[in-house]
Amino acid sequence: MRNVFRCYEIFLQMMRLADMAKFEFRMQSILNITNQMETQSKMEYAAAQSELRRAEDYMVQLKNERVSYIEEGARLREHSLNVVDMRENTRAIEHTDDKIEAQKSVIEGAQKKVDEAREKLKEIMQRRKTYEKLKEHAFETFLEEEKSKESREVDELTSYRYEQKIKED
């Protein structure tokens with residue numbers, strides 16, 4: 001009789017393990033797509049940041065170029081009064097100033113893209129977190145249901161044991 005009881009216990013444990021492996025989140029495909037969207041959004045954000053860094057680096061280069069032209073102009077005024085060289089230097093400074101102004105608008109555009117990419121990423125991450133919370137709640141519900149099933153099975157097993165014990169007596 002104990003062998004029958006032991007076999008029944010093993011059978012119940014196997015059934016519980018089989019049921020546990022069957023948890024499936026109904027919105028898993030949506031969560032997967034959201035994860036892919038988040039990955040893509042992260043790459044877009046990184047690309048936008050990289051573009052902004054390049055634009056800022058170019059701005060630093062232009063400002064350094066402007067400083068060197070100003071230093072060159074000061075040297076020209078100190079050592080020679082060559083008007084042609086001074087005009088060329090002044091034009092170079094003005095041209096560099098124009099480039100700097102143009103680069104400011106490029107940087108503003110790049111910063112706007114970074115901000116947009118950041119907001120998009122933030123939104124997608126919130127969506128993913130929402131689906132993950134839903135998945136957690138679904139899993140908790142599943143575990144509660146499993147616990148309830150297990151409790152019923154234990155009750156059935158106890159009843160079975162009690163009936164067997166009564167029959168033996």
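Leaving aside its neighbours within four places in sequence, which residues is A55 in contact with? In this predicted model, the partners of A55 are Q103, V106 and I107.

**The core around A55**

A55 and I107 both belong to the largest nonpolar core, which has 12 residues. Alongside them, the core takes in Y45, A48, L52, M59, L62, I100, A110, V114, A117 and L121. Two elements, helix 2 (28-79) and helix 3 (83-168), each give two or more residues to this core. As general background, nonpolar side chains in soluble globular proteins tend to be buried together.

**Helix 2 along its length**

Let's look at helix 2 itself. With 52 residues at 1.5 Å a residue, helix 2 should span 76 Å, and its end C-alpha atoms are indeed 76 Å apart, so the two values agree. The buried residues of this helix are L31, T34, E38, S41, Y45, A48, L52, A55, M59, L62, G73 and L76. A handy point for reading that list is that an α-helix has 3.6 residues a turn, so residues three or four places apart point the same way. Helix 3 is among what covers the buried residues of helix 2.

E72 is also found in helix 2. Is E72 buried or partly exposed? Its relative accessibility is 35%, so E72 counts as partly exposed. The C-alpha atom of E72 is separated by 7.5 Å from that of N89, a residue 17 places away along the chain.

**An aromatic cluster**

The structure holds 3 aromatic pairs. Two of them share F23, and their geometry is set out here.

| Pair | Distance between ring centres | Angle between planes | Type |
|---|---|---|---|
| F23 and F139 | 4.9 Å | 75 degrees | edge-to-face |
| F23 and F142 | 5.2 Å | 50 degrees | tilted |

F23 sits in the loop between helix 1 and helix 2, while F139 is in helix 3, so their pairing ties together parts 116 residues apart in sequence. The pair of F23 with F142, also a helix 3 residue, links parts of the chain 119 residues apart. F139 is partly exposed, with a relative accessible area of 32%, whereas F142 is buried at 12%. Together, F23, F139 and F142 form one aromatic cluster.

**How confident is the prediction?**

For the protein chain, the mean pLDDT is 88, and 87% of the residues reach 70 or more. Where is confidence lowest in the protein chain? The answer is helix 1 (residues 2-20), with a mean of 59, while helix 2 has the highest confidence, at 95.

Key. Residues are numbered from 1 along each chain as its sequence is written. This is a predicted model: local features need pLDDT of at least 70, side-chain atom pairs count only at pLDDT 80 or more; totals for chains, interfaces and linings use all residues. Side-chain values use heavy atoms; hydrogens and water are left out. A nonpolar core is a set of buried Ala, Val, Leu, Ile, Met, Phe, Trp, Tyr and Cys residues joined through side-chain atoms within 4.5 Å. Buried means under 20% relative accessible area, exposed over 50%, partly exposed in between (1.4 Å probe, protein chains only). Helices (H or I, at least four residues) and strands (E, at least two) are DSSP runs, numbered from the N terminus. Contact means heavy atoms within 4.5 Å. The expected span of a helix is 1.5 Å times one less than its number of residues. pLDDT is the predictor's confidence in each residue, from 0 to 100. Rings of Phe, Tyr and Trp (its six-membered ring) pair if their centres lie within 6.5 Å; planes under 30 degrees apart count as stacked, over 60 as edge-to-face and the rest as tilted.
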